[in-house]
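Work through the following exercises with the sequence and the coordinates open, and try each task before reading its solution.

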Amino acid sequence: MSTENHHRDDRDRRERPKSAAAEPAPPSLVPPPNALPPVRHPDAPAPGELLGSHYDHCFGCGEGQPHGLHLQARAGDGVTITAEFTVQSAHQGAPGLAHGGVLATALDETLGSLNWLLRVIAVTGRLETDFVRPVPVGTVLFLQAEITAVAGRKIYSRAQGRIGGPDGPVAVRAQALFIEVKVEHFTENGRADEIRAVMSDPDQIRRVRAFEVNP
Ligand SMILES: CCCCCCCCCCCCCCCC(=O)SCCNC(=O)CCNC(=O)[C@H](O)C(C)(C)COP(=O)(O)OP(=O)(O)OC[C@H]1O[C@@H](n2cnc3c(N)ncnc32)[C@H](O)[C@@H]1OP(=O)(O)O
């Protein structure tokens with residue numbers, strides 16, 4: 001293939017339709033035939049409601065992380081979420097541009113927030129990210145995410161981040177597989193100091209309960 005054609009192919013790939021749905025998923029991100037549509041928990045936050053942080057020291061959403069993303073997620077209709085994150089100078093990779101790992105974190109955090117709507121505790125098993133456009137420092141990234149299917153403990157989801165406005169061009173997108181876990185995943189693996197602090201904070205316990213199925 002000529003260099004010119006190669007460049008045109010690259011550009012075409014970047015400018016494909018805006019929906020994450022248009023992207024073929026790798027095998028482990030394709031829900032199995034027995035997967036079911038996600039069911040919004042009756043006590044899930046109402047559409048339009050801000051979810052708040054699940055943990056004050058979370059790098060993605062916690063207020064207690066000075067250089068964190070301070071991402072704010074809002075429940076949408078069905079099993080969807082919107083979120084916003086403003087790229088700060090502490091988030092640079094190349095001069096004046098967001099670090100790709102930080103953008104992946106924003107996608108991961110948004111996708112993770114979706115599990116609030118199922119009232120399930122889940123962690124990221126697989127996260128596949130496409131970086132479509134550079135994202136300058138100072139940019140607001142407008143994220144949208146949805147759960148597409150659930151198969152036992154496996155939760156399939158996808159997200160995209162747009163720049164210039166909620167309907168602007170897609171800059172990043174991701175497909176993910178989250179795996180449902182028990183609270184013991186954290187209590188048995190997390191560092192003892194932080195687990196102790198969380199377990200003695202009634203406000204934090206209340207937030208953890210909000211994740212549990214049939215608390
Ligand atoms: C007291 C304090 C409480 C605090 C309460 C806080 C609550 C809310 C915190 C939320 C925080 C959110 C923050 C953002 C989201 C993160 O960033 S989470 C952090 C990043 N993720 C992790 O650290 C996960 C590390 N990985 C693990 O711990 C384990 O591999 C997992 C994911 C729990 C799975 O292990 P497992 O439970 O032994 O399950 P396993 O049987 O291996 O797999 C189950 C199924 O999933 C499939 N699977 C597993 N991994 C993968 C993979 N990577 N690819 C494809 N398929 C996979 C398996 O093939 C299997 O499929 P089936 O055979 O059932 O068809």
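The exercises below go from the overall fold to the core, the ligand shell and single residues.

The model is predicted, so local features need pLDDT of at least 70, side-chain atom pairs count only at pLDDT 80 or more, and totals for chains, interfaces and linings use all residues. Residues are numbered from 1 along each chain as its sequence is written.

**Exercise 1. Overall fold**

Task: Determine how many helices and strands the protein has, and in what order they run.

Solution: Begin with the DSSP runs, where helices are H or I runs of at least four residues and strands are E runs of at least two, numbered from the N terminus. Counting them gives five helices and six strands, and reading from the N terminus on gives the order α-β-β-α-β-β-β-β-α-α-α. Next turn to contacts, defined by C-beta atoms, placed from the backbone, within 7 Å: among those between residues at least 6 apart in sequence, 66% join residues at least 24 apart.

**Exercise 2. The nonpolar core**

Task: Find which element gives the most residues to the largest nonpolar core.

Solution: First fix burial: a residue is buried if 20 or more other C-beta atoms, placed from the backbone, lie within 10 Å of its own, exposed if 12 or fewer, and partly exposed in between. Buried residues make up 31% of the 215 residues in the protein. A nonpolar core is then a set of buried Ala, Val, Leu, Ile, Met, Phe, Trp, Tyr and Cys residues joined through C-beta atoms within 7 Å. The largest such core has 44 residues, and those with the most contacts inside it are Ala-106, Leu-107, Leu-111, Leu-141 and Leu-143. At least two core residues come from each of E1 (72-75), E2 (80-86), H2, E4 (140-151), E5 (154-163) and E6, and E6 gives the most, with seven residues. As a last step, take Ala-106: leaving aside neighbours within four places in sequence, Ala-106 is in contact with Leu-69, Leu-71, Phe-85, Leu-141, Leu-143 and Gly-161.

**Exercise 3. The shell around the ligand**

Task: Identify the residues that come nearest to the ligand and the element with the largest share of its shell.

Solution: A residue counts as near if its C-beta atom, placed from the backbone, lies within 6 Å of the molecule. There are 25 residues around the ligand, of which Gly-112, Val-123, Gly-125, Arg-126 and Phe-186 come nearest. The elements giving two or more residues to this shell are H2 (100-113), E3 (122-131), E6 (170-180), H3 (184-189) and H4 (192-199), with the largest share, four residues, from E3.

**Exercise 4. Positive phi and a strand residue**

Task: Locate His-70 and Arg-119, and state what is notable about their phi values.

Solution: Most residues other than glycine have a negative phi. His-70, in the loop between H1 (3-14) and E1, has a positive phi near 50°. Arg-119, in the loop between H2 and E3, likewise has a positive phi, of about 55°. His-70 is partly exposed, with 18 other C-beta atoms within 10 Å, and Arg-119 is also partly exposed, with 18.

Task: Describe the surroundings of Arg-74.

Solution: Arg-74 is found in strand E1 and counts as partly exposed, because it has 16 C-beta neighbours inside 10 Å. Not counting residues up to four places away in sequence, Arg-74 touches Gly-48, Glu-49, Leu-50, Leu-51, Ile-81, Thr-82 and Ala-83. The C-alpha atoms of Arg-74 and Glu-49 are separated by 5.4 Å, although these residues are 25 apart along the chain.

Methods: Two residues are in contact if their C-beta atoms, placed from the backbone, lie within 7 Å.
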